[in-house]
Amino acid sequence: MKKIIAILTVALLALSFAGCGKKESKVPVIGISQYGEHASLDNCREGFLEGLKEAGLEENKDFTIDYQNASFDNSTATQIAQNFSSKNVALMCAIATPSATACFAAAEDKDIPVVFNAITDPKEANLTEGNITGVSDKLPVDPQLELIRKIQPDAKTIGIIYTTSEPNSVSAIAEYKEKADKYGFEIVEIGVADQASVTQAADTLINKKVDCITNLTDNNVVGVLSAILEKTNAAKIPVYGSEIEQVKKGCVASAGIDYIELGKMAGKQAAQILKGEKKASDMPYETVTEYSTYVNSDAVAAMGLTVPSDISDKAIECK
Amino acid sequence: MLDLIISTLTQGFIYAMLSFGIYITYKILDFPDLTVDGSFPLGAAVTAVLLVKGVNPYLTLLAAVAVGAVAGFVTGFIHVRLRVRDLLAGIITMTALFSINLQIAGSNLSVARSVETIFTAAPTMAVLGSLTLIQRKLIVSLIIMIVCKILLDLYFKTKNGFLLKAVGDNNALVTTLAKDMGRMKIIGLSLSNALVALSGSVVCHEQRSFSSMMGTGQMVFGLAAVIIGTTLFKRMSFVKGTTAVIAGSVVYKACIQIAISLGLPANLLKLITAVLFLAILVLGNIEKGSVKKSVRA
Amino acid sequence: MLELKNISKIYNPGSVTEMCLFDDFNFTVNDGDFVSVIGSNGSGKTSMLNIICGSIPINGGEVLINGKCINRKKDFERYANIGRVYQNPAMGSCPNMTILENMSLADNKGKPFGLSFALNKKRFDFYREQLSALGLGLEDKLHVKMGALSGGQRQAVSLLMATLTPIDFLILDEHTAALDPKTAEIIMELTNKIVTEKRLTAIMVTHNLRYAVEYGSRLIMMDKGQIILDKQGEEKKSASIDDILEIFNRISIECGN
């Protein structure tokens with residue numbers, strides 16, 4: 001029994017020691033809670049730090065960073081948020097929805113401002129009312145459709161694979177279907193339940209002879225992108241990405257979100273809050289208005305396509 | 001600092017209910033039940049929908065218990081009556097629940113701050129209104145958890161509870177007692193998943209959200225909590241299994257919180273958590289050894 | 001009365017390993033009989049017990065208790081009237097529960113296992129009395145877990161548990177085989193005492209020819225799914241180990257053992 005008490009005491013002491021260690025500094029702490037390691041989410045964080053810098057704040061002088069990631073585990077995200085909350089950090093930066101939800105809940109009666117990042121629909125997630133603001137990574141559907149039309153003037157059908165359980169994907173599909181008409185496209189969508197069925201869905205799309213495929217930010221689909229590209233390359237069907245990382249992997253082009261830019265916007269919001277210029281509760285969340293075009297000219301050439309010069313001039317080459 | 005201990009204890013208590021469930025299936029019934037990864041979010045999904053619809057927050061707890069029991073019953077039925085292997089029966093229900101949870105909640109669902117939860121509703125405020133939200137969360141979770149513990153401890157003292165223990169201990173005996181072992185397994189699984197769903201429900205109240213992914217890894221968590229708890233108290237037969245499980249759950253959550261608080265590179269979090277577990281299990285074993293020695297001396 | 005009528009049992013039907021054990025097997029046990037069953041391995045002794053208890057399905061025939069066919073009853077339903085002690089002493093009780101808890105479980109056989117408290121203080125003296133009759137000092141170890149007892153002690157408690165409530169038949173499945181000779185002797189004595197005192201109808205499978213000859217009111221020998229020897233009454237009393245051993249050796253040699 002004594003040993004047990006000893007273990008528990010040691011655990012609690014370690015906890016208090018670890019908890020107090022950081023509290024001494026007078027510099028405000030920004031707690032960054034990222035849902036997991038993932039190229040786009042990493043870019044969000046990087047951009048966030050750049051945004052702070054651009055707003056004139058210097059790390060270790062004006063603020064310090066406590067960065068944690070939850071390894072895609074919701075209950076760990078909860079504990080990270082509680083950790084930040086109990087340390088009374090000056091601001092929480094939450095990257096991706098589960099982390100934002102956890103931070104917002106942990107800050108409920110503490111009034112710690114939360115700046116979220118990479119959330120498609122903050123209103124749906126109830127992250128708009130309260131001491132909270134941030135940036136949304138809603139897909140730029142119009143520019144993407146326009147881009148496809150310009151690269152493939154004769155294309156009629158666009159195939160999309162999506163996970164039926166992912167609300168972001170479901171709402172994106174609805175938007176694609178609504179707007180496709182305007183550009184003379186027809187959307188052929190295939191819903192899957194899990195990652196294992198994604199490549200089968202790709203086979204089905206190839207069988208249906210779609211003119212091209214476009215991606216959402218669907219994690220299941222993006223996760224097996226290489227396998228999809230292998231099949232579509234063999235069938236000579238171009239695949240359009242939804243952001244820069246996918247074009248780097250071999251998609252032909254994308255009118256997509258630059259998550260670094262998105263992060264910068266969030267960083268600037270955070271700077272305003274830290275400087276005391278504005279309160280998070282008074283700042284509406286922002287959506288990206290500027291989209292960049294990314295082109296992978298190797299992939300374009302392999303498909304026997306050409307990119308019109310008005311696009312290629314502005315486009316960012318990704319290989 | 002005190003806040004951090006309170007929050008960690010709160011998490012430990014909330015997840016102790018899930019661990020009770022796994023204690024029943026894994027430790028008592030000897031049934032590796034994977035339904036947990038589905039019934040935990042099921043409790044949260046039902047709770048989120050009911051909260052959004054304005055149902056009394058306390059009633060949502062009961063609703064979660066009921067649907068959790070149904071989920072456990074389904075796994076039991078598939079295993080016992082349809083003769084599907086235990087592991088597979090759980091996987092089938094868990095897989096089906098993933099879709100069912102989304103059907104119930106529509107999609108990932110969050111509950112606005114204006115909606116009252118068990119931590120903010122009038123009856124709670126009337127008693128604990130002077131406390132901060134974090135403190136209220138601790139007290140309310142503790143009360144719910146203790147009620148579960150007491151009821152479970154009482155159940156294990158009943159004839160039915162004895163029979164349930166016998167199923168895991170020696171099912172041949174249950175048959176010679178002229179009792180249907182399958183029926184007891186179904187009862188045990190229902191009870192277990194009712195507790196798991198209750199835990200999911202409280203998490204939903206606490207986080208104000210349901211996410212279809214929130215069940216991932218909960219079975220592993222529960223197993224770890226049960227094993228840590230029972231290892232720590234192995235040599236103390238007077239400590240009830242449920243008490244050990246609570247300790248295991250709190251220790252697990254404390255390990256994660258320590259790993260977070262150490263401020264080491266974020267990607268090492270899981271590694272540090274693993275090392276802490278190992279340390280605790282080894283410490284537990286050392287104690288076992290030293291008691292043996294002292295008995296001999 | 002227990003009757004096995006025209007039983008047929010085929011293992012792995014339709015496959016290359018198909019093996020017909022019983023073909024038109026008949027056996028009757030009268031109330032009050034204490035039958036010892038001997039026979040070489042594979043002769044069908046344990047299969048016969050399992051057929052009676054419903055642990056394995058049969059391909060034809062009927063199992064009757066007091067003239068009523070129980071073919072359709074599941075194993076656990078049949079145990080309402082049957083007590084069973086297994087070869088493995090661990091099979092008769094719950095290792096992680098105390099003697100007291102195990103006795104309470106056994107004591108409740110035939111009654112509903114509801115939400116009333118399992119331990120009834122009023123019964124403790126009765127359990128102690130029963131345990132002290134075993135003469136192993138277990139009445140002072142009520143709160144000891146079964147798993148901490150020796151094989152012989154466990155088997156003694158198993159025997160007690162199997163016969164604690166009224167039953168029609170007691171099935172003893174080589175219940176002394178896993179014990180050392182001295183302990184086996186004690187358990188056999190106890191078995192005889194309990195069967196005689198409680199006037200039970202019992203079927204005991206054993207490999208010990210001496211037990212088969214010394215105990216019980218009837219002796220049968222099985223070989224290849226058939227009863228080749230059935231001695232009861234005076235015939236049984238006068239049987240000697242040597243006679244039985246001789247027959248046993250003869251069938252074993254025929255088998256090529």
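These legends go with close-up views of a predicted model.

**View 1. How the chains touch one another.**
Let us start with the chains as partners. Of the 2 pairs of chains that touch, chains A and B share the most contacts. Chains A and C, on the other hand, are joined by no contact. Their closest C-alpha atoms are 21 Å apart. Chain B, for its part, is in contact with chain C as well, through 20 residues of chain B and 26 residues of chain C.

**View 2. The side of chain A that touches chain B.**
Here 43 residues of chain A meet 46 residues of chain B. On the chain A side, the elements that give two or more residues are α1 (2-21), β2 (64-69), α3 (74-86), α4 (97-106) and α6 (167-180). Helix α1(A) provides the largest share, with 11 residues. Sorted by class, this side of chain A holds 18 nonpolar, 17 polar and 8 charged residues. One point to keep in mind while looking is that α1(A) is also where confidence in chain A is lowest, at a mean pLDDT of 58.

**View 3. Confidence along chain A.**
This view helps you judge what you see in chain A. The average pLDDT of chain A is 88, and 92% of the residues score at least 70. Confidence is highest in strand β3 (residues 91-95) of chain A, at 96.

**View 4. The side of chain C that touches chain B.**
Two helices are worth finding here. Both α2 (75-78) and α3 (99-107) of chain C supply at least two residues to the side that touches chain B. By class, this side of chain C is made of 13 nonpolar, 8 polar and 5 charged residues.

**View 5. Two helices of chain B side by side.**
Helix α1 (residues 2-28) and helix α9 (residues 181-207) of chain B have axes that come within 7 Å and cross at roughly 165°. An angle over 145 degrees counts as roughly antiparallel, and α1(B) and α9(B) are therefore roughly antiparallel to each other. Their crossing is left-handed. Residues of α1(B) that make the contact include B:Ile14, B:Leu18, B:Phe20 and B:Ile28. From α9(B), the residues in the contact include B:Leu191, B:Leu195, B:Val202 and B:Glu206. In this contact of α1(B) with α9(B) there are 14 nonpolar, 6 polar and 1 charged residues.

**View 6. A sheet of three strands in chain A.**
Follow the strands across this open sheet of chain A and you meet them in the order β10-β12-β13, with mixed pairing. Strands β10 (253-256) and β13 (316-317) of chain A are at the edges and have a single partner strand each, so one side of each is left without a neighbour in the sheet. Between β10(A) and strand β12 (residues 292-295) of chain A, the pairing is antiparallel and runs over 4 bridges. To find a place within this pair, look for A:Ala255, which stands opposite A:Thr293 in β12(A). Helix α5 (residues 141-151) of chain A lies across β10 and β12, and runs at about 155° to β10(A).

**View 7. The same helix, α5(A), and its neighbour α6(A).**
Now the view turns to a helix pair. The axes of α5(A) and α6(A) come within 10 Å and cross at roughly 55°. The two helices α5(A) and α6(A) are therefore oblique to each other, and their crossing is right-handed. On α5(A), the residues that meet α6(A) are A:Val141, A:Asp142 and A:Leu145. Facing them from α6(A) are A:Glu175, A:Tyr176, A:Lys179 and A:Ala180. This contact has 4 nonpolar and 3 charged residues, with no polar ones. Helix α6(A) also appeared in View 2, among the elements on the side of chain A that touches chain B.

**View 8. A sheet of six strands in chain C.**
The strands of this open sheet of chain C come in the order β6-β7-β8-β3-β9-β10, with mixed pairing. At the edges stand β6 (82-85) and β10 (226-232) of chain C; each has a single partner strand, so one side of each is left without a neighbour in the sheet. On average, neighbouring strands of this sheet are turned by 15° against each other, direction ignored. Strands β7 (residues 169-173) and β8 (residues 201-205) of chain C pair in the parallel sense over 5 bridges. Within β8(C), C:Ala202 is the bridge partner of C:Leu170. Helix α5 (residues 151-162) of chain C lies across β6 and β7, running at about 175° to β6(C).

Technical notes
Residues numbered from 1 in each chain as written. Chains lettered and ligands numbered in written order. Predicted model: local features only at pLDDT ≥ 70, side-chain atom pairs only at ≥ 80, totals over all residues. Contact = placed C-beta atoms within 7 Å. Nonpolar A, V, L, I, M, F, W, Y, C, P; charged D, E, K, R; others polar. Pairing = 2+ DSSP bridges. Axes fitted to C-alpha atoms, helices over the stretch in contact; angles between N-to-C directions. pLDDT = per-residue confidence, 0-100. Parallel < 35°, antiparallel > 145°, perpendicular 65-115°, else oblique. Left-handed = near helix turned anticlockwise from the far one by under 90°.
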